Amino acid sequence: MRLYFLGTGAGVPSKRRNVSSLCLRLEAEIGQVWMFDCGEGTQHRVLASPIRLSKLTRIFVTHLHGDHIYGLPGLLASRSFQSPERPLHVYGPSGLGDYLQATLTASGVHLTYPLNLHELHDGQRLAADGFSVHVRALNHGVTCYGYRIVEPPKPGRLRRESLEALGVRPGPLYQLVKQGKTVRLADGRVLHGPDFVDPPVRGRTVAIMGDTLPCPQTVELAADADVLVHEATYTQADAALALTHHHSTGVQAAEQAGRARVKQLILTHLSSRYEPDRERELLAEARSVFSRTELAHDFSEFIVPSAAPYHDEPVNE
Ligand SMILES: [Zn+2]
Ligand SMILES: [Zn+2]
């Protein structure tokens, strides 16, 4: 499970940061890539990245501001050439369907694959390939969603060495033991399945927010998450602008990460007004509040480490 940032700028593109798009790379887990937002020019970023549109199966739109959706029609059209039959699911606020229909119809686009549109509502819970996705409306002046994505738990590892030590040879019996069943051997010995299987490993949780002021829904979605992706449009010196435009500062994002007790915070959606030195300042401010904070750049990738077994305690800041 990896997070790959295609665009990390706010509002308008700059030379260093394109507008919003982020991929949750699940190729190793389920052979898929899920995209979150698709600002203008996203498909150009895809071309220069390891992301393959043929793997793209779901696109989650946070809200209908142009810097999050103007790349969608072009990317959808291009996907016909990469993956002509694989269905695509697109999720987002009410109005997304009208936007797609207007743009695709006006430009005469014929998609070769089934496009399944899902207009969402606050509080909705989705099931997708074993993952669960919880949707909450944030505070951005327009309908804007955050998503909590939870991976299914993995069954514990079979301790083959323990079975071999008892002289039990590999075979169909191993499968029964792994399933936790009680097995009687030919010589009368009884094996209790759970004695030979490690505890299950909990699924990882990633919380991806759209544009927002700090709000309780973010803390709810990000509670104990492995990673929180949060916007940080402004530095603390520009906190008044953040309030006016329904955005957050890096410090506010860090405060939310602390409240939610996440393991890692990744900041994105930075104002194009900032040069690199101001961006470093923004990151330092945020780290002074929540030390496990990183700043995303276009083409940066973050691995979400495998989760510990269930008995592990969450990390507290
Ligand atoms: Zn935005
Ligand atoms: Zn916005």
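## Exercises on a two-zinc site and a mixed sheet

Along the chain, the donors of the zinc ion (ligand 1) are spaced as D-H-x142-D-x57-H. The model is predicted.

**Exercise 1.** Assign residues to the donors of the zinc ion (ligand 1) and classify the site.

Solution.
- Step 1. Asp67 (OD), His68 (NE2), Asp211 (OD) and His269 (NE2) coordinate the zinc ion (ligand 1), at 2.1 to 2.2 Å.
- Step 2. The angles among the four donor atoms run from 91 to 166 degrees.
- Step 3. Four donors count as tetrahedral only if all angles lie between 85 and 135 degrees, and as square planar if opposite donors are over 155 degrees apart and all others between 65 and 115. The site of the zinc ion (ligand 1) is irregular.
- Step 4. His68, in helix α3 (residues 66–69), and His269, in the loop between β15 (264–268) and β16 (270–271), are 201 residues apart, and the pair links distant parts of the chain.
- Step 5. The cut-off for buried is under 20% relative accessible area. His68 counts as buried because its relative accessibility is 2%, and His269 counts as buried because its value is 3%.

**Exercise 2.** Describe the site of the zinc ion (ligand 2) and find the residue that bridges the two ions.

Solution.
- Step 1. The donors of the zinc ion (ligand 2) are His63 (NE2), His65 (ND1), His140 (NE2) and Asp211 (OD), at 2.2 to 2.4 Å.
- Step 2. Asp211 is the bridge between the zinc ion (ligand 2) and the zinc ion (ligand 1), and the ions lie 3.5 Å apart.
- Step 3. The spacing of the donors of the zinc ion (ligand 2) is H-x1-H-x74-H-x70-D. With angles of 90 to 172 degrees among its four donor atoms, this site is irregular.
- Step 4. His63 sits in the loop between β5 (56–60) and α3, and His140 in the loop between β9 (131–137) and β10 (145–150), so the pair ties together parts 77 residues apart in sequence.
- Step 5. His63 is buried, at 0% relative accessible area, and His140 is buried, at 4%.

**Exercise 3.** Give the strand order of the open sheet of seven strands, and place helices α10 and α11 against its strands.

Solution.
- Step 1. The order is β8-β9-β10-β13-β14-β15-β17, with mixed pairing.
- Step 2. β8 (125–128) and β17 (293–295) are the edge strands, each pairing on one side only.
- Step 3. Ignoring direction, neighbouring strands are turned by 20 degrees against each other on average.
- Step 4. Strands β13 (residues 205–208) and β14 (residues 227–231) run parallel and are joined by three bridges. Val206 stands opposite Val227 in β14.
- Step 5. Helix α10 (residues 250–260) lies across β14 and β15, at about 155 degrees to β15. Helix α11 (residues 276–289) lies across β15 and β17, at about 165 degrees to β17.

Key
Residues numbered from 1 in each chain as written. Chains lettered and ligands numbered in written order. Predicted model: local features only at pLDDT ≥ 70, side-chain atom pairs only at ≥ 80, totals over all residues. Heavy atoms only, no water. Donors = N, O, S within 2.8 Å, 3.2 Å for Na, K, Ca; no water. Tetrahedral: all angles 85-135°; square planar, octahedral: opposite > 155°, others 65-115°. Helix = DSSP H or I, 4+ residues; strand = E, 2+ residues; numbered from the N terminus. Buried < 20%, exposed > 50% of the residue type's maximum accessible area, 1.4 Å probe, protein only. Pairing = 2+ DSSP bridges. Axes fitted to C-alpha atoms, helices over the stretch in contact; angles between N-to-C directions. Contact = heavy atoms within 4.5 Å.
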